[in-house]
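User: I would like to go through this structure with you, beginning with charged side chains. Could you take my questions one at a time?
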Amino acid sequence: MFMLMEKLSLVEMVSVVCIFMFMFILPLYLLLTKKSSKRVPPGSFGLPIIGQSLSLLGAMRQNTAEAWLKERSSKYGPVSKMHIFGAPTVFIHGQAASKFLYTSDVLSSQNPSSSKRIYGKRYIFELSGNEHKRIRGALVSFLKPDVLKQTVGKMDEEIRSQIRMQWRGKQNISVMPFMKTLTFNIMSSFIIGIEQGSRRERLKQLFYRIVEGVLTVPINFPFTSFSRSIKARAKIRAITLELIHEKRAALEQLQASPQQDLLTCLIALRKQDNSPMLSDEEIVDNAIFTMVAGHDTTSVLLTFLIKLLASDASIHASIVQEQEEIAKSKSPGELLTWDDLLRMKYTWSVAMETLRMYPPAFFTFRKAVKDFEYEGFHIPKGWQVMGATFTAHMNDSIFPNASEFDPARFEKQVSIPPYSFNAFGGGYRICPGNEFAKIETLVTIHNLVTQFTWKVSSPDMAFSRDPMPSFKNGLEILIEPKISTKFK
């Protein structure tokens with residue numbers, strides 16, 4: 001995915017990059033990284049524009065990124081500089097660093113420039129202050145629990161349908177592709193409200209191209225993943241604008257409900273003067289971001305849960321017991337409700353522990369909005385500030401025996417220090433879609449464990465990060481329907 005110049009020889013690739021760097025990038029790079037009399041963090045910027053990006057991405061593909069970052073920390077200390085994803089970057093880590101990343105007023109939320117180009121300039125995590133509050137308030141108007149309670153039955157129906165189509169009559173399932181398809185269809189229904197059909201299939205192909213370029217070196221050459229993602233983004237923008245016009249007309253004709261999907265909700269929002277709360281471009285940017293963020297994180301979590309349930313008989317038995325008790329309380333074909341989800345406490349504790357050990361998002365990025373001092377080092381305005389989730393999640397002083405899988409950490413509601421569990425972010429920038437992800441996860445696991453048993457086909461269950469975790473062969477399993485269970 002991150003191969004930047006797949007069709008060129010090594011000599012051609014090096015030649016093109018060198019020409020581009022010396023003509024366009026080197027002058028800007030020298031300006032950004034010029035010597036200063038102030039004490040900047042130790043480390044190296046590496047090659048102009050590329051820096052350590054390819055090395056880090058390679059470590060992620062080999063699932064050695066933790067070791068890569070630990071080696072840097074051993075060499076340079078708890079604060080170090082590098083150049084990744086197109087910008088000078090300072091790497092900080094630990095619980096205190098997480099708190100600083102999520103709460104400091106000298107930082108603004110910023111993903112790498114590749115992500116910004118793909119998501120757009122007006123998506124929620126690129127904004128700060130009142131603008132951030134306005135966009136967040138708009139998103140939460142649909143993603144808050146009071147509204148989402150009404151979606152549980154519809155989501156259950158959608159997931160049952162997907163399982164019937166993809167699992168019935170089969171013996172082998174490739175879990176990750178299935179989960180990606182499942183979550184894409186759910187996001188299509190509930191986020192942008194696009195029905196099954198040729199337009200959704202077209203969107204799906206473009207969507208996967210977008211995902212490929214979210215975390216890459218932002219060189220917009222025709223043969224790069226980034227370039228393909230930018231082109232796909234333009235086409236998705238056109239599709240989304242078309243949907244916005246259709247849904248606006250439906251609202252005006254009283255043929256649509258503002259709460260039927262996120263896109264319609266955002267269109268319907270009004271200021272006190274009855275002008276739109278969000279512009280069409282803001283709706284497009286935030287719809288694209290929400291689709292990508294919700295699709296990747298939940299599909300990864302569900303894949304790891306399937307792997308866990310195949311390998312840990314005790315946890316599997318406890319989840320099955322909890323879910324079958326709920327299933328027995330329902331009439332045949334009756335859909336799940338919000339109250340049913342509240343009874344799935346153990347299942348969600350297992351999901352939370354899975355997120356602690358295998359967080360889908362490996363990094364947190366911020367941008368310095370002004371010069372500041374951190375741990376005695378000068379951080380210039382404009383630099384990226386990067387944290388890594390694992391540094392707090394795998395800290396034995398915060399989570400005793402952190403390398404052991406223990407759902408009781410969350411089941412017993414043991415007090416976890418603030419900014420130590422960051423799977424959904426933290427502070428006022430915590431993910432607004434965490435309740436949506438919870439519903440999607442619990443409903444999916446309920447339907448799978450009450451209808452099937454499974455085991456992993458291959459003993460090789462290793463995964464890499466690309467940038468999200470990805471299993472070889474998609475994590476193939478052998479499935480068997482439960483004899484006493486009929487498809488609903």
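User: Is Glu 131 buried, partly exposed or exposed?
Analyst: This is a predicted model. In it, Glu 131 has a relative accessible area of 32%, so it counts as partly exposed.

User: Which side chains does Glu 131 meet in salt bridges?
Analyst: One is Arg 122, with a distance of 2.2 Å from N to O. Another is Arg 134, where the N to O distance is 3.0 Å.

User: Where do Glu 131 and Arg 134 sit relative to each other?
Analyst: Both belong to helix 6, which covers residues 129-143. They are three residues apart there, so about one helical turn separates them.

User: And the two arginines, buried or exposed?
Analyst: Arg 122 has a relative accessibility of 26% and is therefore classed as partly exposed. Arg 134 is at 18%; because the limit for buried is under 20%, Arg 134 counts as buried.

User: Why can such side chains pair at all?
Analyst: Side chains of opposite charge can pair when their charged atoms come close.

User: How many salt bridges does the structure hold?
Analyst: There are 16 salt bridges. Among them is the one between Arg 233 and Asp 285, whose closest N and O atoms are 2.5 Å apart.

User: Which helices hold Arg 233 and Asp 285?
Analyst: Arg 233 is in helix 11 (residues 225-252), and Asp 285 is in helix 13 (residues 280-311). The pair therefore ties together parts that lie 52 residues apart in sequence.

User: Are these two buried or exposed?
Analyst: Arg 233 and Asp 285 are both buried.

User: Back to the earlier group: which residues do shared salt-bridge partners join into one network?
Analyst: The network consists of Arg 122, Glu 131, Arg 134 and Glu 282, joined by salt bridges that share partners.

User: Let us stay with helix 11. What can you say about Thr 240?
Analyst: Thr 240 is found in helix 11. Its relative accessible area is 4%, so Thr 240 is buried.

User: What is Thr 240 in contact with, leaving aside neighbours within four places in sequence?
Analyst: With those neighbours set aside, Thr 240 is in contact with Leu 263 and Val 284.

User: Next, helix 13 and helix 14. At what angle do they pack?
Analyst: Helix 13 packs against helix 14 (residues 313-328) at about 110°, and their axes are 6 Å apart. Helix 13 is therefore roughly perpendicular to helix 14.

User: Which residues meet there, and what is their character?
Analyst: From helix 13, Leu 308, Leu 309 and Ser 311 take part; they meet Ala 313, Ile 315, His 316 and Ile 319 of helix 14. Five residues of this contact are nonpolar, two are polar and no residue is charged.

User: Changing topic: what does strand 12 pair with?
Analyst: Strand 12 (residues 476-481) pairs with strand 4 (residues 172-174) in the antiparallel sense, over three bridges. Strand 12 also runs antiparallel to strand 9 (residues 452-456), and five bridges join these two.

User: Which residues stand opposite one another in those pairings?
Analyst: Among them, Asn 172 stands opposite Leu 478 of strand 12. Val 456 has Ile 477 of strand 12 as its bridge partner.

User: Finally, what does the chain look like overall?
Analyst: The chain has 19 helices and twelve strands. Of its 488 residues, 55% count as buried. Among contacts with a separation of 6 or more, 72% come from residues 24 or more positions apart.

Key: Residues numbered from 1 in each chain as written. Predicted model: local features only at pLDDT ≥ 70, side-chain atom pairs only at ≥ 80, totals over all residues. Heavy atoms only, no water. Pairing = 2+ DSSP bridges. Helix = DSSP H or I, 4+ residues; strand = E, 2+ residues; numbered from the N terminus. Salt bridge = Lys/Arg side-chain N within 4 Å of Asp/Glu carboxyl O. Buried < 20%, exposed > 50% of the residue type's maximum accessible area, 1.4 Å probe, protein only. Contact = heavy atoms within 4.5 Å. Axes fitted to C-alpha atoms, helices over the stretch in contact; angles between N-to-C directions. Parallel < 35°, antiparallel > 145°, perpendicular 65-115°, else oblique. Nonpolar A, V, L, I, M, F, W, Y, C, P; charged D, E, K, R; others polar.
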